[in-house]
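Reader: I would like to learn how features of a model such as this one are read. Could we go through them in turn?

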There are 2 protein chains.
Amino acid sequence: MLTPTLNVLKETLKRLLYKGNYKALERILQKTHKGDLVAIFRYLSHQERVKIFQILMNIDIEKASDLLYDLDEDIQIEILRALPVKEALRVLITFSTGEISKIIDKLPVELQNAILEKLAEEEKEELQKFMSYGEDSIAPLISEEYIAVEEEKTVEEVLNIIRSAPEDIEIIYIYVVDKKDRLIGVASIKEILTAPPNAQMKDIMNTDVISIRSDAKKNEAIDIFQRYDLLIIPVVDENDELIGVIYIDDILDAVTEKTTEDFFKMAGAQEEELFYTNQILKTAKLRLPWLLVVVFGEIISAFIISVFDFTIRQFLPIIFFLPLVAAVSGMISSQSAIITARGLTTGKITEYFKDFLHFLIREVKVAILIAFVVSFIVGLISSVWISTHIIGIVIGTALFLNIVIAAFVGGLLPYISLKLHRDPTIATGPITLTLNDILGILIYLGTATLFLEYLRI
Amino acid sequence: MLTPTLNVLKETLKRLLYKGNYKALERILQKTHKGDLVAIFRYLSHQERVKIFQILMNIDIEKASDLLYDLDEDIQIEILRALPVKEALRVLITFSTGEISKIIDKLPVELQNAILEKLAEEEKEELQKFMSYGEDSIAPLISEEYIAVEEEKTVEEVLNIIRSAPEDIEIIYIYVVDKKDRLIGVASIKEILTAPPNAQMKDIMNTDVISIRSDAKKNEAIDIFQRYDLLIIPVVDENDELIGVIYIDDILDAVTEKTTEDFFKMAGAQEEELFYTNQILKTAKLRLPWLLVVVFGEIISAFIISVFDFTIRQFLPIIFFLPLVAAVSGMISSQSAIITARGLTTGKITEYFKDFLHFLIREVKVAILIAFVVSFIVGLISSVWISTHIIGIVIGTALFLNIVIAAFVGGLLPYISLKLHRDPTIATGPITLTLNDILGILIYLGTATLFLEYLRI
């Protein structure tokens with residue numbers, strides 16, 4: 001939700017818009033930080049967004065471009081679709097090829113063609129390449145705001161280049177390339193300042209430069225930023241040519257976006273929900289599909305229980321512990337699933353099967369240990385309660401099997417998701433939950449049926 | 001897990017250590033990036049870690065300090081506890097007061113006293129203040145690596161200060177303070193380079209500087225970094241005095257750490273698990289407490305079912321749908337809980353009761369809509385299956401009530417956690433799950449009992 005200050009600002013913008021007081025509106029837009037506008041835009045109507053965005057474009061195209069870049073993707077697309085093609089093109093052309101690659105599919109065909117026409121042959125190729133990388137790729141994060149100089153340039157020349165660089169470039173590192181544009185070194189601004197004015201870049205540059213390939217995934221980029229404490233990483237293509245940089249603040253955005261997405265995935269919900277706070281119907285629609293998966297999965301559970309009708313009639317107390325078995329094995333399963341998914345996502349577990357297997361075996365071993373303790377406790381309590389010793393053995397055995405199998409399934413599914421090129425986190429959600437209930441009920445009632453003749457008192 | 005390359009490196013380090021070939025060991029340590037050492041340290045034994053760390057301290061104290069700073073907290077403490085007090089002090093003194101505040105409690109008393117002795121009066125006060133801020137505070141992220149100059153300094157003087165600054169300071173912004181050390185402006189390196197050499201800082205500085213208070217929480221810092229696209233934020237105390245800066249790369253670390261923690265909290269597990277991959281017993285011990293909460297909670301569920309013994313005997317099919325009711329309302333509840341917790345964590349929902357209430361009402365409205373659809377489908381299926389129309393009405397009604405209450409409870413608990421100064425995410429885990437099962441079973445079987453006379457065929 002908006003802070004009180006931003007809320008006042010939002011109301012003021014709306015009031016001025018309806019009054020048609022554009023002068024005052026322009027003044028406020030100019031003064032307000034783009035970051036605050038991003039927040040406010042979430043709470044405007046479609047018409048308001050488009051209108052205010054157009055006003056901003058007319059007074060400060062650069063700020064409008066920055067704003068558009070940072071808006072939530074659905075709002076971004078919504079505005080681009082509403083603008084006249086010429087206007088949309090004027091602001092889109094300030095985007096990097098990577099950013100365009102992320103949204104071009106969702107734009108009207110007319111605008112798509114206009115963009116392609118504007119691009120040089122080389123950029124068109126790059127765009128095609130980026131679009132083939134998939135949604136976890138770093139392509140949309142690649143910025144063209146960096147300074148690269150040839151190795152022969154002197155410190156003095158480089159300082160002059162820095163002085164005349166566009167305003168939005170953060171001057172922290174200067175990249176050094178050879179004649180073929182291949183990245184061969186880097187120098188910090190401090191190294192340049194302390195070097196003699198006539199020294200050449202090749203003499204002062206650091207040749208041990210950490211870069212990332214343009215077809216890398218976001219997780220790899222996060223990993224490199226964290227491991228090497230960098231603020232900017234240069235991006236190279238398959239020929240080692242420098243094609244852009246990634247700024248860490250864009251990575252930070254990507255990380256929090258991904259986290260929220262992951263959390264919602266676990267609950268069978270979607271991130272958009274936080275933006276549609278007043279749209280009950282839309283939100284319900286977003287959540288229903290996963291719920292229906294659970295509903296139909298649990299109808300199977302119901303059917304399985306009905307099959308064991310005879311067992312239950314013979315010894316009703318067996319049903320008392322059904323929710324316990326489901327909850328405990330459900331929790332064990334989601335522990336394994338979450339830990340494995342998180343390990344795979346953060347790279348703490350690599351994709352190598354041997355590495356994963358090592359981890360899965362660990363999970364199962366832990367589950368066996370836990371199963372001993374939990375089965376013993378529950379077995380003991382149920383024996384004392386129901387006054388039949390055999391029920392403790394039945395419930396204990398069933399629970400033991402359930403826990404071990406749940407850990408195995410929970411650990412396995414994220415890996416399978418990954419190998420099917422899906423996000424491992426998806427396997428921590430509703431499907432795992434339901435699958436586990438079905439399996440658990442089957443094992444539990446099956447075990448009880450096997451022991452049935454001893455159960456009747 | 002380690003990548004193959006790092007694994008080879010780890011094995012080499014171990015081999016050289018056992019052979020006593022310290023010369024070669026030192027050479028490798030010098031060449032290896034600190035970030036890679038952080039990863040390798042996770043997979044060394046206690047003795048190996050301490051020994052290798054001491055060797056690194058002897059050849060490069062600065063790198064040793066950087067490494068220590070980046071190690072996982074438990075390994076950090078483990079090494080500091082194993083070092084002789086004098087050695088530990090030598091490396092600890094390179095830490096910022098904020099970082100010391102995070103770990104000092106966990107160090108041996110002897111070392112704590114030695115640290116306090118080394119600190120100046122002012123730093124001691126700061127340390128005490130930082131320690132009172134709690135674990136979500138930004139204090140441990142505050143770095144002392146920045147350049148601040150007085151407003152009268154000329155561009156030429158500042159350039160000289162930059163040239164002689166320590167190596168680990170990233171020169172991006174130069175902060176400007178008044179005589180009382182209060183932050184009054186900032187200038188980018190580019191602004192300094194383009195200004196005439198004899199211009200004073202007060203003439204070229206930007207007075208509109210975004211800063212953060214030292215008692216702020218990590219989430220506020222993340223929010224400011226994201227909103228204003230910054231790489232560094234200056235930190236001021238209650239008198240507006242500049243006391244440090246926060247680098248965005250430390251924020252990125254904090255974000256991923258927090259995310260992993262949150263995921264594990266949801267599963268009733270703990271982050272440390274990813275580091276103890278071979279310690280089955282330790283891992284099992286970490287997971288057991290939450291499982292036992294579920295076990296004892298579900299014993300209550302079992303007891304409730306046993307109370308409805310009569311109802312179940314009269315009409316057994318009622319029990320077929322128990323897992324469905326539990327799973328659906330469990331999922332609705334965790335959707336509400338996760339979305340609310342995430343909203344509160346990312347600040348999309350503020351802590352104001354009115355704001356939260358607005359959100360909670362939205363959740364309940366969505367739940368009512370979903371409840372209609374799901375109850376109708378399940379009621380229909382059960383009616384057709386069991387061939388009694390009344391069962392559809394009973395299950396439908398019970399499910400409807402369950403879903404709405406589950407959404408309310410799920411949305412409420414994260415807010416209560418927050419108001420009790422706990423992490424809202426904790427309310428997305430095992431407790432909510434169990435509470436929901438108990439509540440759900442009670443409502444479901446209670447409704448069935450009310451309708452019992454119509455149910456018997």
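Reader: In what sense do strand β2 (residues 173–177) of chain A and β3(A) pair, and over how many bridges?

Author: This is a predicted model, in which local features need pLDDT of at least 70 and side-chain atom pairs count only at pLDDT 80 or more, while totals for chains, interfaces and linings use all residues. Residues are numbered from 1 along each chain as its sequence is written, chains are lettered from A and ligands numbered from 1 in the order in which they are written, and side-chain values use heavy atoms, with hydrogens and water left out. Strands (E, at least two residues) and helices (H or I, at least four) are DSSP runs numbered from the N terminus, and two strands pair if DSSP finds at least two bridges between them. Here β2(A) and β3(A) pair in the antiparallel sense over five bridges, with A:Val177 opposite A:Leu183 of β3(A). Five residues lie between the strands of this hairpin, where A:Asp181 takes a positive phi near 70°.

Reader: Is strand β3 (residues 183–188) of chain A mostly covered or mostly open?

Author: Buried means under 20% relative accessible area, exposed over 50%, and partly exposed in between (1.4 Å probe, protein chains only). By that rule strand β3 of chain A is mostly covered, five of its six residues being buried.

Reader: How many aromatic pairs are there over all chains?

Author: Rings of Phe, Tyr and Trp (its six-membered ring) pair if their centres lie within 6.5 Å, and planes under 30 degrees apart count as stacked, over 60 as edge-to-face and the rest as tilted. The count comes to 16 over all chains. In one of them, the rings of A:Phe130 and A:Tyr133 have centres 6.0 Å apart and planes at 50°, so the pair is tilted; A:Phe130 counts as buried at 3% relative accessibility, whereas A:Tyr133, at 22%, counts as partly exposed. The rings of A:Phe303 and B:Trp385 are likewise tilted, because their planes stand at 40°, with centres 6.4 Å apart. A:Phe303 lies in helix α16 (residues 280–307) of chain A and B:Trp385 in helix α19 (residues 353–386) of chain B, so this pair joins two chains. Ring pairs also link A:Phe303 and B:Trp385 with B:Phe320 and B:Phe321 into a cluster.

Reader: Where does the charged end of A:Arg362 sit?

Author: A charge sits over a ring if NZ of Lys or CZ of Arg is within 6 Å of the ring centre and within 35 degrees of the ring normal. The charged end of A:Arg362 sits over the ring of A:Phe359, 4.9 Å from its centre, and that of B:Arg362 sits over the ring of B:Phe359, 4.8 Å from its centre.
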